[in-house]
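Let's take a walk through this fold, one piece at a time. Have the 3D view open and follow along.

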Amino acid sequence: RGHPQCIVSLIEDISERKQAETTLHQTQEQFRQLAAHIPQVLWIADIAQRKLLYVSPAAEHLFGRSLKEIYANPHTLIRAVHRDERKRLIHRRLSEATGGNYDEVVRVVRPDGTVRWVRDRAFPIRDAEGNVYRVAGIAEDITARRESEQRLVYLAHYDGLTNLPNRLLFYDRLGHAIAMAKREQWIVGLMFIDVDRFKDVNDTLGHAVGDKLLQKVSERLIRSVRSHDTVGRLGGDEFAVVLSRLGSAQDAEAVAQKIIRSFDDPFPLDSGTEIYVTGSIGITLYPIDSMDRDSLLKNADLAMYHAKEEGRNTYERYSPEMDSRNAGRLDMQAMLRRALEREEFTLYYQPKVDVQSNRVIGMEALIRWNSQELGFVSPEDFIPIAEEVGLIVPIGEWVLRTACAQNRAWQNEGHAPLVMSVNISARQFREKNLVDKIKDVLIETGLEARYLDLEITESLIMNHADSTIILLERLHQLGVGLSIDDFGTGYSSLAYLKRFPVQSLKIDQSFVRELTTHADDAAIVTAVVAMARSLKLKVIAEGVETKEQLDFLATLQCDEYQG
C-alpha cells in the first residue's frame, strides 16, 4: 500500500494478419463455391494422419453416399470401389500419389448397386521445405465416355443387325482357333452359309422383312452349334461358322446336316407371316484342306458356290478339284467378255411348226458360242456364268437385236412373215429400262412388234408375281407376244396365271420326252393342254422327236411343236 499502481499495455499492429485472415477466408470461400459447382469431385487428404480433410459436394452424387457418412468413416470411398480393383487402387494411391504419377480408372459401386466408371487423379501438396504433407485429387465420372468407347468397340467387331461377330472379329477368332488346333492337334471346321434366293425375299417383301429373316436365321445357326463354336455374319445373307475341337470330317458334316434340317420349319415373321428359305453350305477343314487361314476362307467360299450349283439346300465339302473348276470358270468369264467384241456368238433358228398343218409358223432364236480358245461351248455351260456375272444383259441385247434384224431381212426378201421368239433372262427381266430397249430395237430394225415373241420362264414370273404383271402389261401394250417357257417345271398359281397377259405356254421337253411311254407325263401334258385351252392360251410342245409324240399331241389339239 502506498505504492503507486502501474498499468502496462502492449499495442501491436495486426492489420496485416487480419488482412491475411480475410484474404484466406475469401480464398477458402471461393474454393468452396467453386468446388460446389463443378461435377468433378475434389478431395484433400493428410498423409501423416491418413485422414480425409475435404471432399466436395459432388461426391454425394458420384458415390451415392452423404458427405456426413464419408467424413465419418475414412474408408467409405475406398470401400465404394469395386472389390476387384480395390487392392490395386490402395497400393497405387500410396506408392504413386506422392510422386504425382497417380492416374487410375476404376469402377465405383453405389449403394443401390449401380456402377459408375471413375477416373481418379492425384498430386502432392508440399510445405515450405518441399516436403509432401498432403495429397489432393480429382475424381471424374467418365461412365458416358466409357460406354461410348465400348459401343464403338462393339460396333467395330459385331454386326449391328444380328449381334453376331462381324467379318473382322470372325476372322480373328478363326485365327485363334487355328492356333489352338495347332497346339492341341485338333481339327477345325470352317463353314460358309448362304441363304438361298434371299434377294427374292428383299425384292418381294421388302428389306424390313429381309432383315427380320436374317435375325431369325442367325438364331437358328446359334442353336445348331456348340457354345464354344463361333457363328458370324460376313455381310448380306452370308454367314460363317468356326467349328473347333472336331474329331473328324464327319463331325462337320453332321453339323451341316443339322443346320439344313433347322431350315425345314418356316421362319415366323411379324404380323403372323411365315416364310420358307433354304441354305447352301460350304465346308473346309484345318489342317486337312489347308493350314492357312486365307486359303481356308477361299475353300469354304468355293465349296458354298458348288453347293448352290448342285441345286441349293445342301452342303459341299471342299475338294482340290474345285480349284481347277473355278479357274476354268474364271477363264470362261474372261473369254465371255471378249466374245461379243470378237463376234464369236451366232444364232440358230429352230422352227415352230403347226401341229395340224405341219406348216412352219415361227422361229426361236437360239444362241451358240464358237470360242477361239474352247471351240463350241454348250449354252448350258456358259449361260449360267453369263447370268451370274451380269454379261447376260449385253449378250441378251445382242440376241434380241440380231434376231429382229434377221426376221425383218427375211420379210424384205419376200418370205411370209413369221413370229420370232427370243428368250429373256431373269437378269434382263429385272432391268428397269427393258421395255424401252425392246422398243428401240424394234424401231432400229424396222420389225413390227406383232412379229416378236418374248419367252419368260415360269419360275421367273412367279418369283415376282405382282411386279411381273405390271411389266408384262407394258410389254403387251407395246404389241409383242408373250410366252411362258418351261411350263410345268415351276410352281405356277392359277390365280396369277389367269392375270398374266400371256398368249401361250410352252410345255417343257422333260414331259414330252416320255409322253408316249410314261403315263404320268401323258397325264401332265393332257392336263396342261386342257387348262391352257380353258384360259384361251396357245400350247407349244418342246422336244418333239417322234411321230408317235406328234400324233398324241394332235389328238390333244396342241397348237404348235418344236423338235
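Start with a pair of helices: α14 passes α16 in a right-handed crossing. This is a predicted model, by the way, so read everything below as computed from predicted coordinates. If you pull up α14 (residues 392–412) and α16 (residues 434–445), you'll find them packed at an angle of about 35°, their axes 9 Å apart.

Who is doing the touching? On the α14 side, the contact involves Val393, Glu397, Leu400, Arg401, Cys404, Ala405 and Arg408. Facing them from α16 are Lys437, Ile438, Val441, Leu442, Glu444 and Thr445. Sort the residues of this contact by character and you get seven nonpolar, five charged and one polar.

Now swing over to the sheet. Strands of a sheet pair through backbone hydrogen bonds, and they can do so parallel or antiparallel. Here the pairing is antiparallel, with five strands making an open sheet in the order β2-β1-β5-β4-β3. At the edges sit β2 (51–55) and β3 (103–109), each pairing on one side only. On average, neighbouring strands in this sheet are turned by 30° against each other, direction ignored.

Zoom in on one pairing. Strand β1 (residues 41–46) runs antiparallel to strand β5 (residues 132–141), and six bridges join the two. For a concrete landmark, pick Ala45: its bridge partner in β5 is Val135.

One more helix belongs in this part of the picture. Helix α6 (residues 143–157) lies across β3, β4 (115–126) and β5. Relative to β4, helix α6 runs at about 125°.

How values were computed. Residues numbered from 1 in each chain as written. Predicted model: local features only at pLDDT ≥ 70, side-chain atom pairs only at ≥ 80, totals over all residues. Heavy atoms only, no water. Pairing = 2+ DSSP bridges. Helix = DSSP H or I, 4+ residues; strand = E, 2+ residues; numbered from the N terminus. Axes fitted to C-alpha atoms, helices over the stretch in contact; angles between N-to-C directions. Contact = heavy atoms within 4.5 Å. Left-handed = near helix turned anticlockwise from the far one by under 90°. Nonpolar A, V, L, I, M, F, W, Y, C, P; charged D, E, K, R; others polar.
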